[in-house]
Amino acid sequence: MPYYIQLYHEMKRMIYQQELPPGERVNESKLSKDLGVSRSPIREAMRLLEKDGLVIDDESAGFIVYTFKSADVKHIYQIRSALESLAVQLLIEQATTAERLEIGNLLDDIDDRIHKNDTDPKIIDMNQQFHEMIAAGSQNPYLVKQLHSIKVLTYYFRVLNFEGAGRARRIQQEHRAIYEKIEGSDAAGAAYEMQKHLAQDLQHLRRVINKDDSGV
């Protein structure tokens, strides 16, 4: 793997964990020193992060970490609600029993991990996998491509959405409600549960962002 790709993933992690917080100017010289690399691969990594929407190239200040805007969050969730509710309907029309069971097995694995430690960050990755399995099950490559185009910001929002007591359990309950409709081949019901889940996610995310903005 090229070194700038490794740096890209490391810097993405730093942004997700807010080691590089929203609005902060990325000090390339300091990063170069801290990571023990030249500035060239850091710049290449920054260009990939810019493409993802995680940093913004400001001519006067250099690269700045993306700051959440209410409109951005709203727009991302509008896209997700429309596409993912469609995806789950298409999955129900086309998925085999084995493909449905695979989703159920993932939810069982998440239950096990929550039981051991409901703040385990691995749960975030597994939650993303749940949504990606549904999108893939739609068998619509254009739908999958559109969701992939917002994947990085979606994951960033997902990390923030994990904040708060009992969040893993609450999200898992909502995923179980979606899966129950998948098991019952209830396409309209599954679409409704998906839209409801994403609306609740959006509501919680707004609370998290507003709390951070207020300094509470």
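In which helix is Arg 100 found? In this predicted model, Arg 100 belongs to helix α5, which spans residues 97-116. The residue is buried and yet takes part in no salt bridge, the nearest side chain of opposite charge being that of Glu 99, at 7.2 Å. With neighbours within four places in sequence set aside, the contacts of Arg 100 are Ile 92, Ala 95, Tyr 179, Ile 182, Glu 183 and Ser 185. The separation from Glu 99 can be read against the criterion itself: a salt bridge requires a side-chain nitrogen of Lys or Arg within 4 Å of a carboxyl oxygen of Asp or Glu, whereas Glu 99 is 7.2 Å away from Arg 100.

The confidence of the prediction is described by a mean pLDDT of 93 for the protein chain, with 98% of the residues scoring at least 70. Confidence is lowest in helix α2 (residues 28-35), where the mean is 86, and highest in helix α9 (residues 167-183), where the mean reaches 98. As a general caution, predicted coordinates should not be read in detail where pLDDT is low.

Aromatic contacts were examined next. Three aromatic pairs are present in the structure. In one of them, Tyr 16 and Tyr 155 adopt a tilted arrangement, with 4.8 Å between the ring centres and 55 degrees between the planes. This pair connects distant parts of the chain, given that Tyr 16 lies in helix α1 (residues 3-16) and Tyr 155 in helix α8 (residues 151-161), 139 residues apart. Tyr 16 has a relative accessible area of 10% and is therefore buried, and Tyr 155, at 15%, is likewise classed as buried. The rings of Tyr 16 and Tyr 156 have their centres 5.7 Å apart and their planes at 55 degrees, so this pair is also tilted. Because Tyr 16 lies in helix α1 and Tyr 156 in helix α8, the second pair ties together parts of the chain that are 140 residues apart in sequence. Tyr 156 is buried, as is Tyr 16, and one aromatic cluster is formed by Tyr 16, Tyr 155 and Tyr 156.

Helix α8 also contributes to the surroundings of Ile 76, a residue of helix α4 (residues 70-94). Ile 76 has a relative accessible area of 8% and is therefore buried. Apart from neighbours within four places in sequence, Ile 76 is in contact with Ile 150, Leu 153, Thr 154 and Phe 157. Between Ile 76 and His 204, which are separated by 128 residues in sequence, the C-alpha to C-alpha distance is 15 Å.

With regard to strands, β1 (residues 55-58) and β2 (residues 62-65) pair in the antiparallel sense over four bridges. Asp 57 has Phe 63 in β2 as its bridge partner, and the connection from β1 to β2 is a hairpin through three residues.

A search of the whole structure for charged pairs yields 16 salt bridges. One of these joins Glu 28 to Arg 43, with the closest N and O atoms 3.4 Å apart. The two residues are 15 positions apart and connect distant parts of the chain, Glu 28 being in helix α2 and Arg 43 in helix α3 (residues 39-52). Within this pair, Glu 28 counts as buried at 12% relative accessibility, whereas Arg 43 is partly exposed, with a relative accessible area of 41%.

A further salt bridge is formed by the side chains of Asp 118 and Arg 169, with an N to O distance of 3.4 Å. Here the link runs from the loop between α5 and α6 (122-137), which holds Asp 118, to helix α9, which holds Arg 169, across 51 residues of sequence. Asp 118 is partly exposed, with a relative accessible area of 26%, and Arg 169, at 42%, is also partly exposed.

The salt bridge between Glu 132 and Lys 151 has its closest N and O atoms 3.4 Å apart. Glu 132 lies in helix α6 and Lys 151 in helix α8, 19 residues apart, and the pair links distant parts of the chain. Both residues are partly exposed, Glu 132 with a relative accessible area of 36% and Lys 151 at 32% relative accessibility. In addition to these pairs, Glu 10, Arg 13 and Glu 19 are linked in a network of salt bridges.

Terms used
Residues are numbered from 1 along each chain as its sequence is written. This is a predicted model: local features need pLDDT of at least 70, side-chain atom pairs count only at pLDDT 80 or more; totals for chains, interfaces and linings use all residues. Side-chain values use heavy atoms; hydrogens and water are left out. Rings of Phe, Tyr and Trp (its six-membered ring) pair if their centres lie within 6.5 Å; planes under 30 degrees apart count as stacked, over 60 as edge-to-face and the rest as tilted. Buried means under 20% relative accessible area, exposed over 50%, partly exposed in between (1.4 Å probe, protein chains only). Contact means heavy atoms within 4.5 Å. Two strands pair if DSSP finds at least two bridges between them. Lys and Arg count as positive and Asp and Glu as negative; His and the chain ends are not counted. pLDDT is the predictor's confidence in each residue, from 0 to 100.
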